[in-house]
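Hi everyone, thanks for coming. I'll walk you through one structure today, so have a look at it first and then we'll go piece by piece.

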Amino acid sequence: MTYNIRKFSIQDRADVRRLCCETAFLESDRGLIFKDDELLADFLSLYFTDFEPHSCFVATDGSKVVGYLIGSIHIPRMKRIIKRRILPSLLVKVFYRKAFLNKTNLNFFFRCVLGFFKGEFLVPDYSKEFPATLHINIDKSCRGQDIGGRLIEVYINFLKQQQIKGVQLSTFSEKAKNFFLKMGFDILYARKRSYLKSVIAGEVTSYVFGKKL
Ligand SMILES: CC(C)(COP(=O)(O)OP(=O)(O)OC[C@H]1O[C@@H](n2cnc3c(N)ncnc32)[C@H](O)[C@@H]1OP(=O)(O)O)[C@@H](O)C(=O)NCCC(=O)NCCS
């Protein structure tokens, strides 16, 4: 099978959002954790697809999107936009979609708040040395065919052209951990998180990886 890697275009948005939901929460049954794909996709991908699409790439098989890498070259700006523009509108959306009336979602919100107060979401700021970030996901049926590796390579070349000196990312997948180590990333930080405890056995470890360019 030959796959094409190209820049993201707005026509890919729905596919990216679908893949994003399918691979969320370590690919466990997401309906047991959070029941609203629209909100989930907004939370995970909206900044990248709508505010920085020029830093995003997709892998295609013909016209079908089989993987994506969504990125940002400026984490502080990304955080500012998420805080000032995305989170407030997401909060409104949570209310008008009545997402909080669902028991599963309430449980998830409660666990996130608990995790927040336990300090589980606090991560050191690496954005000076590693100003860029990425999220990558490949369709389950297309993994192990060098698509992820090629997307990382294309993104790193793109970052080098922009003279970005480092890239970081977060994941709590042990499988992805080995992939990123193979791609030359180093572990900068690791911390246990408990908010998925009810659905994924035990606590998961959240990793931050970094690679100097
Ligand atoms: C992790 C992921 C992006 C890897 O993409 P992929 O297309 O399957 O990986 P590739 O085939 O390009 O592999 C590239 C190299 O990494 C290695 N690799 C891939 N997955 C690996 C794993 N789980 N453990 C160890 N090595 C791995 C491959 O062997 C290959 O090495 P080689 O070049 O020496 O043969 C993909 O499996 C995925 O989307 N997983 C689910 C979602 C996820 O965890 N995303 C990351 C969170 S941000």
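Okay, one bit of vocabulary before we start: two residues are in contact if their C-beta atoms, placed from the backbone, lie within 7 Å. And please keep in mind that this is a predicted model.

So, with that in hand, what does Leu151 touch? Leaving out residues up to four places away in sequence, Leu151 touches Ile5, Phe57, Ala59, Gly67, Leu69 and Ile136. Leu151 also turns up in the largest nonpolar core, which has 33 residues. There, Leu151 joins Phe57, Tyr68 and Leu69 as the residues that touch the most other members. Several elements give two or more residues to this core, including helix 1, strand 3 and strand 7. Helix 5 gives the most, with 5 residues.

Now the sheet. How many strands form it? It's 7 strands in an open sheet, the order is 1-2-3-4-5-7-6, and the pairing is mixed. Strand 1 and strand 6 sit at the edges, so to speak: each pairs on one side only. On average, neighbouring strands are turned by 25 degrees against each other, ignoring direction. Strands 3 and 4 run antiparallel, joined by 6 bridges, and Ser72 stands opposite Thr133 in strand 4. Helix 1 packs on this sheet and touches strand 3 and strand 4; its direction makes about 85 degrees with that of strand 3.

Last stop, the ligand. 20 residues surround it, and the closest are Arg143, Gly148, Gly149, Ala176 and Asn178. Which element gives the most to that shell? That's helix 6, with 5 residues. By class, the shell has 6 nonpolar, 10 polar and 4 charged residues.

Notes: Residues numbered from 1 in each chain as written. Predicted model: local features only at pLDDT ≥ 70, side-chain atom pairs only at ≥ 80, totals over all residues. Near = placed C-beta within 6 Å. Helix = DSSP H or I, 4+ residues; strand = E, 2+ residues; numbered from the N terminus. Nonpolar A, V, L, I, M, F, W, Y, C, P; charged D, E, K, R; others polar. Core = buried A, V, L, I, M, F, W, Y, C linked by C-beta atoms within 7 Å. Buried ≥ 20, exposed ≤ 12 C-beta atoms within 10 Å, placed from the backbone. Pairing = 2+ DSSP bridges. Axes fitted to C-alpha atoms, helices over the stretch in contact; angles between N-to-C directions.
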